[in-house]
Amino acid sequence: MAASSSGYSRMFCKLRKYANKSQSLYHIDTFNFVIRTIWISGSKTQLQPKVHAKSLPQMVGVVGLEIHAQIQSTSKLFSGSHVRFLAPPNSLVSHFDASLPGTLPVLNRRCVEAAVLTGLALNCTINKKSLFDRKHYFYADMPAGYQITQQRVPIAVDGILVYSHFEGRKRNQVVTKSVKIKQIQLEQDSGKSLHDDERSQTLIDLNRAGVGLMELVMEPEMCCGEEAAAAVRELQLILQALGTCQANMAEGQLRVDANVSVHRPGEPLGVRTEVKNINSVRHLAKAIDYEIQRQMEVLQSGGTVLNETRAFDSKSGNTIPMRDKEGLQDYRFMPEPNLPPLFVYESEASVPGGVDPAQAVVIDRLSTQLPELPSVKRTRLVETHGILQEHSFTLVSEDGLMDYFESVVQMTKAEPRKVIGWVIKELMGNLNSQSLKVSQSPISPCALAELINLVESGQISSSTAKQVFQEMWKAPEKKVGQIVKEQDLWMINDKEELQKICQRVVDSHPEEVQIIRRGNKKVLNKLMGEVQRETKGRTDPVKVRAILEKMVS
Amino acid sequence: MFCKCAARVSRALRPAHPRCGVLTLPARSDTVSASGTSWSRWTYKRESSNSAWNSKVPQVPTWEPVAENQLPPPTRVSPDLVDKLERLALVDFGNKEGVDCLEKAIRFADQLHVVNTDGVEPMDSVLEDRDLFLRDDTITEGECAEELLHLAKHTVEEYFVAPPGKNNNNKNTITKKTSCSIRT
């Protein structure tokens, strides 16, 4: 602003000189006004303040995700060893996993079915014939020197993941977006390596080597960390509903790498960097946003973005260059000679004669086994119970909350909208503050339904009910009626009693009554508050207000 | 049955004619097997037409060298490519002999260009007409940690030990390069 204002004053001085010569101050004033508006609008463009009169379109981020989901199966992809998270090192390793010479891969049917189910849930085209390839690179946690993957013809291609995220100041506007899934392929996992820098050695544990992974490659259609986080959350829900992957990022069952670049809309895509080492969905959003910011700053200061791999440091929230890729890695892909093509059949009828139908993977059979997907559940909740869309998201995201809600709704005559308020505010509020899961809630659906029924029938007021809820939380063994009786929280419904209390309050507050009579109706709320306080909240606010209004007028 | 016949053959083989070096089989009329296989019939027929021995193996080489003009231009392996290949395959062949050997091998393989492969799908597995066997999802292997660890020279508390990986700035510490033995 300083630069522009000094320029402006210089122009103004020149104009002044001209004006003094021509003696027409009127013209100067309008010219002055015009100049000022041009200068002000010019300084508003942050990117190119001085050079261009018209501002260039803002740079936007472009994010593509590569997700590795560990298939939930009993045994590994190509061998019969057990798949388990924690086990003594190298105890779940077979001869094939250790890449001993003479061992051959044997494909696990469960992994193929898991990949096909995931493909069907994400609206992919399942390739009836898919091929396996070898991807060669040397690293200690991969004893064979190559990874068996599907690069040429993967098992599923061209899918869509539909996800929603919240916008608006109150985060209650639901925006639905979709991202295309380029392909889903089956591949082997590598082992785990523990780096011991003191003794300059790496310890290798091959328990994880050979476990089946589904690699989901998404098109670079997202623009920021929030969208990516929402997409990954939706994918987690889908995979958990299908049972093909437990999708826990902290345990490494779902690994997400982000490819981030920036460009101006309409121009070709910029140089991308790959961000790794992301352990949770929140870290994903932070890492992507930081990387987009960093790249924009690099480009604005005239530098160029390097095509590199960066690791996310959760403590500082920054990305750090990991290792320089010595040129582009050449993986020397080669068809896997030990595995013939994988055939997946459309229906029982299309299985050829020589193949055992129990052995074959049949798409029709699997699509009948597809469970209800999260998006379908949400639509059903909104339509059946008439709740808000954002509430349906909370219900489906929390494990077991939907069932809890539906059982309460069944047992009470109250409107689902009221039940939702109880479930989301009171129940979830308490669960979250104590980091409990829905299954660990001390208040059962029956108890909550009883409480709500009491409110509905007018036996306790809603404010008392909240008190009772907290009491029930602390003492789950007591029944609702018991607590209400113990603390004498029944609603005062007797008209005479109410009249007496209101009269008492009105008599003890003469000044307020005068103010109300003179026209300030808001002070009535103060009187109502007094009544509530006296009765410990055991009154119906609507009735009290009516009585007070009659008394005061 | 086939194995038994083969065993008998290997016991008594002698070349019939020194020039063509083709091995004939001894007379077998006395050892005709019970089911009267075509094998014994074949040997009988062979003995009767000994003079007009119809061998499938050509008597003189029929192979002709491929003319240079039919081949694509010779491939030169640049020093950069040699470095890259050494790094990717961990093979030590950076000297002149190694590069010459590689270029000659490529030239030899170039002869395949003479074959017309229009409309022919490349074969990537001899198992292409077999069904891929799908295994049930049951635990059948594992729990052989001791056996596997015994195979390694250097282990630490049930872990295999490897030199520090690519995270260190030390290149080529993963495995040693194997040197390429050249037979000229």
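**Chain B**

I began with chain B of this predicted model, and I counted 5 helices and 7 strands in it. Reading from the N terminus, I wrote down the order of its elements as α-β-β-α-α-β-α-β-α-β-β-β. I then looked up how much of chain B is buried, and found that 21% of its 184 residues count as such. For contacts in chain B between residues at least 6 apart in sequence, I noted that 46% join residues at least 24 apart.

**A sheet with strands from both chains**

Next I followed an open sheet of 4 strands, whose order is β9(A)-β10(A)-β6(B)-β5(B) and whose pairing is antiparallel. Which strands stand at the edges of this sheet? I found β9 (192-196) of chain A and β5 (155-156) of chain B there, and because each has a single partner strand, one side of each is left without a neighbour in the sheet.

I looked more carefully at β9(A), which is joined by 5 bridges to β10 (residues 201-205) of chain A, the two running antiparallel. Along this pair I could place A:L194 opposite A:L203, and A:D196 opposite A:Q201. The two strands form a hairpin with 4 residues between them, and in the turn I noted that A:S200 has a positive phi of about 55°.

**The nonpolar cores**

I then turned to the largest nonpolar core, which has 71 residues, and in which A:L65 and A:V112 have the most contacts inside the core. Helix α4 (residues 225-242) of chain A gives the largest share of this core, 9 residues. As a reminder to myself, nonpolar side chains in soluble globular proteins tend to be buried together.

I listed the contacts of A:L65, leaving out residues up to four places away in sequence, and found among them A:L216, A:V217, A:M218, A:M222, A:A228, A:V232, A:L284 and A:I288. The list also includes A:D257, between A:V256 and A:A258 in my notes. A second, separate core has 38 residues, including A:Y404, A:L451, A:L454 and A:L489.

**The second largest pocket**

Helix α4(A) came up again when I examined the second largest pocket, since the largest share of its lining, 8 residues, comes from that helix. For this pocket I recorded a volume of about 900 Å³ and a lining of 28 residues, with A:R233, A:Q236, A:L237, A:V281 and A:S397 nearest its centre. At least two lining residues are supplied by each of β7 (156-167), α4 and α8 (389-397) of chain A. How many of the lining residues are nonpolar, polar and charged? I noted 10 nonpolar, 11 polar and 7 charged.

**Two loop residues of chain A**

Finally I looked up two residues in loops, beginning with A:C223, which lies between β11 (212-218) and α4 of chain A. Is A:C223 buried, partly exposed or exposed? Its relative accessible area is 35%, so I entered A:C223 as partly exposed. A:C223 touches A:G61, A:V63 and A:I292, when residues up to four places away in sequence are not counted. A:I292 is 69 residues from A:C223 along the chain, and their C-alpha atoms are separated by 9.3 Å.

The other residue is A:P476, in the loop between α12 (462-474) and α13 (480-486) of chain A. At 42% relative accessibility, A:P476 counts as partly exposed. From A:P476 to A:L339 I noted 137 residues in sequence and 59 Å in space, C-alpha to C-alpha.

Key: Residues are numbered from 1 along each chain as its sequence is written. Chains are lettered from A and ligands numbered from 1 in the order in which they are written. This is a predicted model: local features need pLDDT of at least 70, side-chain atom pairs count only at pLDDT 80 or more; totals for chains, interfaces and linings use all residues. Side-chain values use heavy atoms; hydrogens and water are left out. Two strands pair if DSSP finds at least two bridges between them. A nonpolar core is a set of buried Ala, Val, Leu, Ile, Met, Phe, Trp, Tyr and Cys residues joined through side-chain atoms within 4.5 Å. Buried means under 20% relative accessible area, exposed over 50%, partly exposed in between (1.4 Å probe, protein chains only). Contact means heavy atoms within 4.5 Å. On a 1 Å grid over the protein atoms alone, a cavity is a set of points where a 1.4 Å probe fits but cannot get out, and a pocket is an open set with protein on both sides within 12 Å along at least five of seven lines; lining residues have an atom within 4 Å of a point. Grid points are joined across faces, edges and corners, and a volume is the space filled by probe spheres set on the points. Ala, Val, Leu, Ile, Met, Phe, Trp, Tyr, Cys and Pro count as nonpolar, Asp, Glu, Lys and Arg as charged, and the others, Gly among them, as polar.
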